[in-house]
Amino acid sequence: MNNNDENTLLQVIEYFQENMDFILELTAEHVNLVGLAIIVAILIGVPLGIYLTTNDSLAGTVLNIASVIMTIPSIALFGLMVPIFSLINQGIGFLPAFIALILYSQLPIIRNTYTAINNVDPEIRDAAIGIGMSTTQRIFRVEIPNTIPVIMAGIRTAVVLNIGIGVIAAFIGAGGLGILIQQGITRGHQDMVIAGAITISVLGISADLFLRLLQRIFTSKGVSS
Amino acid sequence: MIEYKDITKVYGEDVKAVDDVSFTVEDGEIVVLLGPSGCGKTTLLRMVNRLESITEGDILLDGKSTSNLNEIELRRGIGYVIQSNGLFPNMTIEQNVTIVPHLLGWDKQKKEERYQKLMKLVGLDVEDFRKRFPHELSGGQQQRIGVIRALAADPPAMLMDEPFGALDPIIREKVQDEFLAIQKELHKTILFVSHDINEAIKMGDKIALMKDGQLMQYDTPANILQNPANEFVTQFVGQDRTIKSLSIHMVNDIYSQNKLKENKKLAKQVSLNTNLRDALGAILESKEQAVTVVNGQNETVGSLDFDGINQFISELTS
């Protein structure tokens, strides 16, 4: 390690020490934004994914639209949200970022749910219908419990993706850990940029570990993951 | 009682999967729907609990048309067993066995009593299996659980779609025997799909032999073997139908006609409820070409040789 690197490392550590409260505050904002967006995305994506298994022609269309949204560069999508939400005077801030994140999470959540439910062993579905389960009972007692690992994999992908993309939210005034990176770049503070990047990575890894734990708790031991 | 009344099923424009089939499954009887694949036997079975729709005709369950009943309630009132056992992987054995009582809203104690009774019925340990999951069980054990799950709410009728088809031959024999013993106690009205003539002869009180959606012959196994209705039936039961008919008669049938030979102490012995096919096997393997027959108390009641069986069979077919 040369002198210069050592200095940067020390600066980053120093930055963490001096700005812990600020960083925690931004982390809370970030978690709040991403967390709410994911909850709404799950509430839309999982039921939609299950519904699509009953409607093949619609399934193709919806999955294609979700794929197209994924291909829009994140900074462009956030940029697009601004003029649209300006119409209701919400052009910058929480709302456009929140909506953009929901849109981004849809593909992994819908696709994994759709694939998982579609791949439930037809014999097991037949048995569930044949012994007299209603559609709701079949979905909640048989189909979802047996596919939790696959559905959760989609949700985990969406969460980690959104924690990363959530950085862009800072550029449209929605706060979060992106502030560190944005301000670090504009002010030429390398330590700030690195501190932001490290915090985001740690947050992403922790979220994934936490979700894996949840997944393990909610998956029956009879289901192989 | 399950009554099929002029049942026809048409797919698309003119593909007839089932063509004007009528027959009745009497209370406490096992009827085997037998035939090659694609003959419509599974479709016929699945019409009873309305997993398949009926194009024309009606199925009556205990005199009531199934088309007027609520689908869900109808299914909960009929036991349903399928080949791959269809156990729910996410549920424990206890949850699997008591799922229908659970759906019907039984209380905890009633479910527990039923669980214990059913496990004992198939000779599986109540506590040992309670918290285990289907994938931890052998194929034979899984299939037994599949059968008792169908029996759980004590439905009068059961539908069994090749229930033992996925088991290896030795286990299959054993599970079949166990099931017949259970049926002797419970007297369920059972429709049983099979493509195996030997299984049909063994399990069925009657056999409905199907071909291309049409009912070829509906009769007892003995009559199907001895008086095949047409060329197809003759072919399907095979050249060895005489040998097959041996397996539906017991040594007891010869004994009750007083046609066993004198008491002899021989190297091999068979009991009165051995079927004639197995008895013949024992005779051919024995050195003396004859076997001692013993009753339930292990007392010798006579002996049997090849002539004895031959005579019995020729009297049947003449």
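**Exercise 1. Size up the contact of chain B with chain A: state the buried area and the share from carbon and sulfur atoms.**

Solution. The two chains bury about 1800 Å² between them. Buried area is the accessible area (1.4 Å probe) lost when two parts are put together, summed over both. Carbon and sulfur atoms give 61% of the area. Next, look at chain B: Phe88(B), Asn90(B) and Leu103(B) supply 28% of what chain B buries against chain A, more than any other three residues.

This is a predicted model, where local features need pLDDT of at least 70, side-chain atom pairs need pLDDT 80 or more, and totals for chains, interfaces and linings use all residues. Residues are numbered from 1 along each chain as written, chains are lettered from A in written order, and side-chain values use heavy atoms, without hydrogens and water.

**Exercise 2. Find the salt bridge across the interface and list the elements of chain B that touch chain A.**

Solution. Apply the rule: a side-chain nitrogen of Lys or Arg within 4 Å of a carboxyl oxygen of Asp or Glu. One salt bridge results. Arg46(B) pairs with Asp126(A), with the closest N and O atoms 2.8 Å apart. Then take the elements (DSSP runs; helices H or I, at least four residues; strands E, at least two). Helix H2 (71-76), strand S6 (78-82) and helix H4 (99-103) of chain B each give two or more residues. H4(B) gives the most, with four residues.

**Exercise 3. Count the residues on each side of the contact.**

Solution. Contact means heavy atoms within 4.5 Å. Chain B contributes 22 residues and chain A 20 residues.
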